[in-house]
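Please look through the sequence and the model shown here. The text after them moves from a pair of side chains outward to the chain as a whole.

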Amino acid sequence: NIIWREVFVAQRFPVYLLLDTSGSMRGEPIASVNIGLRAMMASLRQQHHALDSVYLSIVTFDSLIKEVLPLTALKNLVLPEIVCPESGATFLGEGLACICQKVDSELRVSTHADAQPLLFIMTDGKPSDTLAYSEILAEVKRRPFAKIIACAAGHKADASALKRLTDTVVSLDTMDSSTFSQFFQWVSATVSANQQTSNSALPPPPAEINIVI
């Protein structure tokens, strides 16, 4: 007799991070981001369901756009060190265009092999490529993101520009390692909540994170 065995393949849960590495992030801010990312990874790896299905990708933007981490399963992931050039513009529009290209080529949402992805954006300034940023907004919104969450880090960040992209904008008053660790652990909690319940409400942010109304 032939015995049929059903092979269960867990649905991938893709998470994209788009991180500002412009010149103003050099020094303590980017060092703090790296500490925060490690805190996020530690938090995610404590969640058994995340280990089996979360896939993470990191793209950085300054004057150049770099995919520093291709879409990789959490259980296989080696976190890269994020670095900044000595100077560099804030090409957020081009960064978002790269994310759109990645989503189009990497995801299989229509066949339900992949869940709707999450997109987290962090910047400490405002887009240098204002025309490209304006033109890409509609394209990003056409992609099947379950949530787009933007973070305006520090007092020079332009939250109003981010509000054009998403209603979910948070701000950080300081850019030290403690604050970024709190932010990225909140990212981890958001990933976990959305993975278990599609379109769930955001988890309450810690005191260091302000919701921009």
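**From two rings to the whole chain**

F183 and F184 are both buried. The model in which they sit is a predicted one. How are the rings of F183 and F184 placed relative to each other? Their centres are 5.0 Å apart and their planes meet at 65°; an angle over 60 degrees counts as edge-to-face, so the F183–F184 pair is edge-to-face. Ring pairs also bring in further residues, linking F180, F183, F184 and W186 into a cluster.

The two phenylalanines also belong to a wider set of side chains. The largest nonpolar core has 37 residues, and those that touch the most other members are V33, M40, F183, F184 and V191. Two or more residues of this core come from each of β1 (13–20), α1 (28–45), β2, β4 (118–123), β5 (147–153), β6 (169–172) and α6 (177–196). V33 can serve as an example of the packing: leaving aside residues up to four places away in sequence, V33 touches L19, M25, M122, F180 and F184. Apart from this core there is a second, separate one of 29 residues, and F61, C98, L119 and V140 are among its members.

Strand β2, already named as a contributor to the largest core, has a partner in the sheet. Strand β2 covers residues 54–61 and pairs with strand β3, residues 65–73, in the antiparallel sense over six bridges. The connection from β2 to β3 is a hairpin of three residues. Across this pairing, V59 stands opposite E67 of β3. In a regular strand, side chains alternate between the two faces of the sheet. A charged group also meets an aromatic ring here: R12 lies over the face of Y55, 5.0 Å from the ring centre.

What remains is the chain as a whole. The secondary structure of the protein chain consists of six helices and seven strands, and from the N terminus on the order is β-α-α-β-β-α-β-α-β-α-β-α-β. The radius of gyration is 17 Å, close to the 17 Å given by the globule rule for 213 residues, so the protein chain is as compact as a globular protein of that length. Along its principal axes, the C-alpha trace spans about 70 × 35 × 35 Å. Of the 213 residues, 52% are buried. Among contacts between residues at least 6 apart in sequence, 75% join residues at least 24 apart.

Definitions and conventions. Residues are numbered from 1 along each chain as its sequence is written. This is a predicted model: local features need pLDDT of at least 70, side-chain atom pairs count only at pLDDT 80 or more; totals for chains, interfaces and linings use all residues. Side-chain values use heavy atoms; hydrogens and water are left out. Two strands pair if DSSP finds at least two bridges between them. Helices (H or I, at least four residues) and strands (E, at least two) are DSSP runs, numbered from the N terminus. A nonpolar core is a set of buried Ala, Val, Leu, Ile, Met, Phe, Trp, Tyr and Cys residues joined through side-chain atoms within 4.5 Å. Buried means under 20% relative accessible area, exposed over 50%, partly exposed in between (1.4 Å probe, protein chains only). Contact means heavy atoms within 4.5 Å. Rings of Phe, Tyr and Trp (its six-membered ring) pair if their centres lie within 6.5 Å; planes under 30 degrees apart count as stacked, over 60 as edge-to-face and the rest as tilted. A charge sits over a ring if NZ of Lys or CZ of Arg is within 6 Å of the ring centre and within 35 degrees of the ring normal. The radius of gyration is taken over C-alpha atoms; the globule rule is 2.2 Å times the number of residues to the power 0.38.
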